[in-house]
Amino acid sequence: MEIKLLGALDYKKVEKVLEEKISNQEERQNILEELKQIEIARRSEIVAAAGRLSRAAGTVMDIVGLSENKTIEQNINFANRVIGMGHSSISDHDYCVFAIKDVSPIVEQTIIEERFASFTIKSRREADFSKVGYYIPDFYDKEGNILPNNDQLKQMYKEHMQALFDTYDMLKEKGIPMEDARFVLPYCYHSNILMGMDAHAVKDLIIKLTKTKYKNISELKEFGEKLYAIAKEQMPYIIPEIDKVSIKEKDSAEEYITSCIPQEKIFIEDKTRLLSVNSDNIDETILVSAIMRRYNYDKAKAKKVYETACELNSNFKQELMRKIAFESDGLELGQVNFQFETGLSLAILTHLTRHRTHNIITPDFVPNLNIENYKTPPTIAKNEELSSMYHNLFAYNKEVYDAFKEQGVREEDLIYFTLSGTLANAITNMDGKTLKHILSLRECTKAQWETRQMANAMHEEIKKVPGTEVFETILGPTCATQGICNEGKECCGKVYIYQKRDNNQ
């Protein structure tokens, strides 16, 4: 695992320039160190300026100048004091981009769930993962003691994981697309990520990974500790707030649930359901809110003029909905909310989680997921030989998992036996604007097939809801809703069918 904070300056390029101009190596190194200190100081200046702005006299330019004239220690101490008073939002202005090398999807999924972060991740659909390597944990008992036969278990683990990667290779050689072959990849394979988040979110993430139950997963704790080391050097003003947080060995909500409700082995249904909506007439809620916004009417007045407009113009609802959705900022779509439940394989769970404007709940890795519950890609299911091999593989993986469990290995170390095809249940709340955005991407024929199944099912669920006759027409791929396609040479051609349809109307 390696984490690097990408700075405003590319120091390798700076060093190359210095080599051309300064022959003395020590002098070059001193200049580089000074530049690094200036960058650290600048971070503190910005955060301190934000802290001074709300109360100090003068314009924002005056306040920025004041912070620039303070020493780095003065700015750090001031920022510490403001953040310590609960005003952590001043650290939102210190934005950080991290290059993260060779972490497992356990780390990936954990950090993707942070709604205030941005990510770019190497695609398992497009990139070959046969040689990426994988995480090898030490094996501990439930009390957190390393097992006496740890070395033997690690060797067995490596042999098993290599066999899974060999199966991935074999499936590709048999013509199975990489996006389907990846379903056999264990959740220890190495992922590479670019992650962006502000210092406020960095602070919260470090606390989560090092001070809560997440620290019991060794890889997550190591990731959190590496972030802490970077923060201590680059964002020292957040360190006191991290240090004063007490370690919480247990999640009290989890403890209470498990004390009251025994856990049962379940099999996730591979289905998507609409659980609830916040309006009994979605179309009306959106369109009435558009009138309220423009004229500052109360709801009763806006509804009355809306009903009159509908009587005078039979196309009023359709035309206004399309203008809100495609020719305006679409804020009115945020007035409606939908809660969905969906069963997805871990292979594509990130496809849904990565959309940051919806609130999603996914299962924790501990207690372990039921690894007997998995998805079979159609390209494998239709081949009798490969299908049999695929099912035998998941059954054998469960046998190895059970063997490690019998050796006393704790659940936190067994998570890496989870395969990418394992099914998990997710619950999400989406407003209308987010739903429109997600379905425009995921109903496209270019989308991964399981994600597309989920998106199509969401759309069908919306159609069943009374009062969505107009709203549902703005949902779907852009070829269907707007007659445009952004896929260029990879366009499937459906856009021309829809264009012809619209021209004939």
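**Entry 1, Ser387.** I began with Ser387, which counts as buried at 13% relative accessibility, and I noted that the residue is found in helix H17, which covers residues 384–406. Setting aside neighbours within four places in sequence, I found Ser387 in contact with Ile380 and Ala381. I keep in mind throughout that this is a predicted model.

**Entry 2, the chain as a whole.** I then stepped back to the overall figures, and recorded 22 helices and eight strands for the chain. Along the principal axes, the C-alpha atoms fill a box of roughly 80 × 75 × 60 Å. Of the 505 residues, 47% count as buried. For contacts with a separation of 6 or more, I noted that 77% come from residues 24 or more positions apart.

**Entry 3, cysteines.** I asked myself how many disulfides the model contains. The count is zero, and I wanted to see the reason in a particular pair of sulfurs. The sulfur of Cys491 has its closest cysteine sulfur in Cys485, at 3.5 Å, and because a disulfide needs the two sulfur atoms within 2.5 Å, this pair is too far apart for a bond. I also looked up how accessible two of the cysteines are: Cys491 counts as partly exposed at 22% relative accessibility, whereas Cys188 is buried, with a relative accessible area of 0%.

**Entry 4, strands S1, S2 and S4.** Next I followed the pairing of strand S2, residues 95–103, with strand S1, residues 2–6, and found the two antiparallel over five bridges. Within this pairing I located Leu5, which stands opposite Phe98 in S2. S2 also pairs with strand S4, residues 191–198, again in the antiparallel sense, over seven bridges. Here I picked out Val103, whose bridge partner in S4 is Ser191.

**Entry 5, Leu220.** Is Leu220 buried or exposed? I found that Leu220 counts as buried, at 0% relative accessibility, and that its place is in helix H9, residues 218–234. Beyond its neighbours within four places in sequence, Leu220 is in contact with Ile106, Val107, Thr110, Leu209 and Tyr214. For one of these partners, Leu209, I also noted the backbone spacing: the two residues are eleven positions apart along the chain, and their C-alpha atoms are separated by 5.9 Å.

**Entry 6, Ala79.** I turned to Ala79 in helix H4, residues 72–84, and recorded it as buried, at 0% relative accessibility. Not counting residues up to four places away in sequence, Ala79 touches Val47, Ile90 and Tyr237. I also checked its spacing from Gly467, which lies 388 residues away in sequence, and the C-alpha to C-alpha separation came to 51 Å.

**Entry 7, the four-stranded sheet.** I traced an open sheet of four strands, in the order S5-S6-S8-S7, with antiparallel pairing. Which strands stand at the edges? They are S5 (272–277) and S7 (359–361), and since each has a single partner strand, one side of each is left without a neighbour in the sheet. On average, and ignoring direction, neighbouring strands of this sheet are turned by 20° against each other.

At the S7 edge I found three bridges joining S7 to strand S8, residues 423–431, with the two running antiparallel; in this pairing Ile361 stands opposite Ile427 in S8. I then looked for helices packed on the sheet, and noted that helix H15, residues 346–353, touches S6 (337–345), S7 and S8, with its direction at about 155° to that of S6. Helix H20, residues 449–463, also packs on the sheet, touching S5, S6 and S8, and its direction makes about 150° with that of S6.

**Entry 8, helices H12 and H13.** My last look was at helix H12, residues 282–295, and helix H13, residues 299–312, whose axes come within 9 Å and cross at roughly 110°. That angle makes H12 roughly perpendicular to H13. On the H12 side, I listed Glu284, Leu287, Val288, Ile291 and Met292 as making the contact, and on the H13 side Lys299, Ala302, Lys303, Val305 and Tyr306. Sorted by class, the contact has seven nonpolar and three charged residues, and no polar ones.

Notes: Residues numbered from 1 in each chain as written. Predicted model: local features only at pLDDT ≥ 70, side-chain atom pairs only at ≥ 80, totals over all residues. Heavy atoms only, no water. Buried < 20%, exposed > 50% of the residue type's maximum accessible area, 1.4 Å probe, protein only. Pairing = 2+ DSSP bridges. Contact = heavy atoms within 4.5 Å. Axes fitted to C-alpha atoms, helices over the stretch in contact; angles between N-to-C directions. Parallel < 35°, antiparallel > 145°, perpendicular 65-115°, else oblique. Nonpolar A, V, L, I, M, F, W, Y, C, P; charged D, E, K, R; others polar.
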